[in-house]
Every structure is written in C-alpha cells, then in structure tokens.
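Dear colleague,

Please find below the structure that I am handing over to you, together with its sequence. My findings follow directly after it.

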Protein chains: 2
Amino acid sequence: MSDNNNQPNHLNQQWRLVKRPQGLFQLSDFEFREEPLADLADGQILVKINYLSLDPTQRVWAQSDSYLPAVELGSVMRSLGMGEVIASQNPKFNPGDIVQGMTGWQSHLITDGKGFAKVPRLPGVPLAAFLGPLGMTGMTAYVGLLDIGKPKEGETVVVSGAAGAVGSMVCQIAKLKGCHVVGIAGSDEKCAWLKSLGVDGAINYKSENLYKSLKRNCPKGIDIYFENVGGKMLDAVLGQINVGARIPLCGYISQYTNPDPSQGIQNLSVLISKRAKIEGFLVLDHMQRATQIVTELATWAMSGKLKYQLDIVKGLKEAPIAVNKLFEGSNEGKLIIEV
Amino acid sequence: MSDNNNQPNHLNQQWRLVKRPQGLFQLSDFEFREEPLADLADGQILVKINYLSLDPTQRVWAQSDSYLPAVELGSVMRSLGMGEVIASQNPKFNPGDIVQGMTGWQSHLITDGKGFAKVPRLPGVPLAAFLGPLGMTGMTAYVGLLDIGKPKEGETVVVSGAAGAVGSMVCQIAKLKGCHVVGIAGSDEKCAWLKSLGVDGAINYKSENLYKSLKRNCPKGIDIYFENVGGKMLDAVLGQINVGARIPLCGYISQYTNPDPSQGIQNLSVLISKRAKIEGFLVLDHMQRATQIVTELATWAMSGKLKYQLDIVKGLKEAPIAVNKLFEGSNEGKLIIEV
C-alpha cells in the first residue's frame, strides 16, 4: 500500500471498453492506453489504485443499459476499486487515506471524491477484504439473505454459486443464524472448501444429479434459495421448495454469457401452490446502511466466525482475461486484481 | 332456491373422476352415477346443491397433488358449491340456510358442516354471486391485488385473463384505488366489456402484438402485473416492468392443459435490475378474513362500483364439458353450473 511516486505527473494506465462483448469477454473488447495525468483542480483528489473488484455484474454493464447505463464505448471499463489518496485538493481527504468507489480499470483516478468512502485499517484484516467479503459482496449476501430471505432457526437454506464471493458469505451467515445450509458449487475442491466453512451439505452440480442430491441434502425441503445462477438450477430447486419459501434473486450468471432459450424456467407456477416468492435486489439500494452492515461483517470476521478467500490476480493488464474466471467458475473466492 | 323435496330418500346424482385428464378434460375422465342418499347421522346436514363453481384450479386438483391432495380416482370431483340445507341434525344449521363450501360435482351432499359457511341474502345480489365475484374469486382478486400488489394511486396495473372471473374484479378494484389499468384478454368482445368496466386500456393478445400494445398502453411502464396466465405473456410484461414492480402470481393457465417447454420464462433475471418480485398466493390462506373482505366487495357491488358477469350453464350433466370453457377462454364472467 506504500507508494513514493506521489507526484501527479506520471502515466495513467487504463483499460477502455471498445466493443460490446458477445459470450465471454475477449481481449479485443478492450484497448490498453497510457495517458498523462492532468493537474488536480480545486476539490479533486488523486487516487493511486491498488485493487480492483471483478464482479459478474460487469458483464451486464459492458453489454447494455440495466440498473446503470451501459459503459460507453471508448471509456474506461467501470469497476469497483480501492486505492490510496496520494494528492488532495479536497479538505475531506488526506494523502494516505484508503478509499473505495467506482474507480474503473485503471492505475490512477482523479475524482472529486463523490461516491467514495474511506476504508478503515483493522488489525488482521487485509485491506482488499473491504472490496469484497467485508464490502459490497458481503453486503450483498447480508441484504439478500437477511432482508429478503428472513431465515429462521432450523430452516433449510440452499445457496447456488456457493463457493463464490457472495455465496460463501451467504452460507456462513445462514449458519450463524442456525439454519441447515446446503451449497451448490462446480467442483469437488469447492465443495470441500464449503464443508470447511461449516455447511451441512455441498453439491457438485457438475458431477451429481442435482435434483436427487438436493432431495438427499434437504430432507425437510427448501425454505430459502439464495440464487446466483438461474436457469436449470432454479427449476430443480423450485421442484423442492416448501410452503412460504423465499428466493432472493441476486444473480443469474447462467445467462450472462450464454443466453440459452432452452433454459427458460418451466416450474414457475409452483410459486402459487407454495405461496412462495422470487425477489430481485441490488445492494446499491442499501448503501445508506453500509456502515452498520460492514461493522457487523467485520466483527464476525475478526472473531473468526466469517471466513473468506481472496483470489488475487496480479497486474492491471490481466483484468480482461481474469474477469472470465467468474463465468468459467474457476475463481476461488473473491476475485480481485492487484494493480 | 326453494325445494319441497326435503326427505333424504331420493337419488344423489354425481360426477366421479375416474381418469387423470390429459390436455383438456374429456367426458371419459368422469363417470355419472346415481346413488340413494343415506340417512342423516347425528350432527349431519343434507344440502341440496344449487350452484357449482367451475375454476381453473380444478384441472390441477384432477391431475396431481398440489396445495391439496389430488382428487382420488373413483371419488366425486372436487368443487366449490352452494346449496340449501333441506334437513339438519346439526344445531348450527337450519333448513332453509344457504351454505357454501366444498360440495363436489353432485346434486346433494351429506356433511357435518365443517368448512361450510352460511351465505347472506342481500337485496339485488343473486345468491350465485357469492360463489364467485362476491366469494372466492372476488377474494382472490382482493388479496392478490391489495395484499401483494399494494397499489398506489397513479401506478400502472396490468391484468392478464382480465375478462375472467378474477381478472375482471382485479381491474375494477385497481380502478377504485386510482390506478391506470390495462387488461389483456383474448377477443374484441371481451376487450369491449373490459372498457365498459372502466379500464384505461384493453389488449386483445390474439390479434395484437402484445409487447407493442403494452408499450402503447403503459407509457409509464408497469408497476403491478396481476398474473393469471404465465408463459410468453409473463415474458412480455417482464420486459416492461418498473423498478420495484410487484407480480402477484394467481394462476398459470397457459400451462395447465398444454405444458409447452418452449414457453419457459426467459426474462426472469430482469427481476434483479428492477428490484421486483413475483409472489404466489392462495386465497385459502386468507379465509379468516372472509367476512371482512366479502362485506367490502358486497358493499362496492350494491353501490354499483363493482360489476360482474355470471356465465351460468344449466344442468349438472354439463359440468365436464362446460369446465373446458375456462381453458378455451370462451367463458364470459364467472363460470357456474346451475345444478
């Protein structure tokens, strides 16, 4: 986190989006640029970016308008990131402050600081954790599971993408709330890791019959399904939900890179007989509670009740390739670029 | 409603379910039987059945276990109905009382009265209306729209199956709440009738491009979609919902008789970016509020604010054929058999 090169006169390295992706991201969807940094105007700060968060939602941002406008072609790829203030013309920020916000895929950022929050330095907690498990991804897990899922002790919670950044937090928070927790992931290694986090069951959907494994692991049916995947996985779960089930819809990664009409949801009508609901949410709607939620998450983490893995890839240059690990399912824990 | 033949010694006519239906109901799925009535035991009443309610959910009951166990093969077809008590060995009921409950497709019923409610005689309100618009179907509309949809004045409400028994009630209650209301139905006649009920727009999905017609009729997007149909209609609406939209899932009639995998829902992930929900419900869960809700509905009806159509088919013998009008969309208003 230290950097002596704190004069705003060196080059800014950037990845700009130049093509809308089709399927997985391609290197040719981006252009690497080096540009001199401008001088700071009054009210601005210069941030040297240390970490970038790679998230499935970036595929949506690159593709089309959604809850945010699509990234404009020719502009820096949108990304959550974290860095150190190395020069400031803004009284709210001092050099040495660690801040996070929408930095984009670049090495430096000049900003007026709006939308940026300071990150505390806590003993035993790596700063990068605030980009994920103790930041947006942890908050996403918290809000979806607790606000929408409303777990009660003894209920059965199934989590898809369970070994992912959000999913692994959901599994652990559900265990903290006294639930029977079953995670679905895509490899035996991921399943073993989930077991080490304390889940009651872990299903490798690539090697097991998902429907039967769910039946075996959820003998009392499914009360909450935290959904990151969609498609056939959702249909399999719908067939086993209990009356009054809640399905927080966090992500739909099965369709982000490979929209397959044959994976249209067949079992939706079961929501009627089960008086159940599917409800989408965005963590961005809950930022006013960030301090409360992050404090709670950090407290759990410092007392060892919440574990996380950071999958840190070194080098800004790797971002366009590394991001695809999310869609191939090859990341292990929260995927982060160390710039 | 008068009947002098109040001795329990005449024949009971019944339709028994003898085969699980495939596609539409067939006459051969049922067997017509005439049986002598037993004597009344202590605590029992004899009901001469006057009206039977025909509902899409009966197709589900005949097919398989759902929120109720499937109708047993060989037993009387399950049905909501209404009739007059013509003999009573139960102090809670007197001859002359009008009662409603699960009567089945038959001319007479001997029961201990559990699950049966008395129906009031109100000036200007036909008794049969309590089987539908002022009974279960009206309550279904009320609970789905108001409890799950929570309409606010000025919001846009779209209703599928809008000319049906439930849909037409939803349209009118939504208008009473100050909403912009658009109904979807399957003929120009139905659309004209919906207009006469006061809806702001009516779409004939068979002759119009549904997506474009929705765009034109809902210039501010869709806040509530009261869903009776499912399939492609749901996908078209999902493409136009607003942030925070609510979709009460009441029925899924598109799939009851013709499960078509190609109609799997493609656009479900939009629930995330729109922070929207789909929630199933059953009116049976709300029976403890029946008196309050039916009183409110009847008050609206007597003051002319709530109109309804009864599509009364005469003759118990017609039930197995008439019920298919629901799936062909050829009924106009609440479909009832006059026994």
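**The axis and the interface**

Of the residues of chain A, A:Gly264 comes closest to the rotation axis, its C-alpha lying at 2.0 Å. Please note that this is a predicted model.

The axis relates the two chains as follows. A turn of 180 degrees, with a shift of 0.1 Å along the axis, lays chain A on chain B with an RMSD of 0.1 Å. This is the relation of a two-fold axis. Of the interface residues of chain A, 100% are also interface residues in chain B, so the copies meet through the same surface.

As to the extent of that surface, 27 residues of chain A are in contact with 27 residues of chain B. The size of an interface is often given as the accessible area lost when the parts come together. Here, chain A and chain B bury about 2200 Å² between them, and 63% of this area is on carbon and sulfur atoms. In chain A, the residues that lose the most area to chain B are A:Leu268, A:Ile272 and A:Arg275, which together account for 28% of what that side buries.

A:Arg275 also takes part in a salt bridge: its partner is B:Asp285, and the closest N and O atoms are 2.7 Å apart. The rule finds 2 salt bridges across the interface of chain A and chain B. In addition, 6 residue pairs are in polar contact between the two chains, counting pairs with both residues at pLDDT 80 or more.

On the side of chain A that touches chain B, helix 7 (270-273) and strand 13 (277-280) are the elements that give two or more residues. The largest share, 4 residues, comes from strand 13 of chain A. By type, the residues of this side divide into 15 nonpolar, 7 polar and 5 charged.

Strand 13 also joins the two chains by pairing. Strand 13 of chain A and strand 13 of chain B (residues 277-280) pair in the antiparallel sense over 3 bridges. Within this pairing, A:Glu279 stands opposite B:Lys277 in strand 13 of chain B.

With kind regards

Notes
Residues numbered from 1 in each chain as written. Chains lettered and ligands numbered in written order. Predicted model: local features only at pLDDT ≥ 70, side-chain atom pairs only at ≥ 80, totals over all residues. Heavy atoms only, no water. Contact = heavy atoms within 4.5 Å. Buried area = accessible area lost by both parts, 1.4 Å probe. Salt bridge = Lys/Arg side-chain N within 4 Å of Asp/Glu carboxyl O. Polar contact = N/O pair within 3.5 Å; in protein donor to acceptor, adjacent residues only side chain to side chain. Nonpolar A, V, L, I, M, F, W, Y, C, P; charged D, E, K, R; others polar. Pairing = 2+ DSSP bridges. Least-squares fit on C-alpha atoms with pLDDT ≥ 70 in both.
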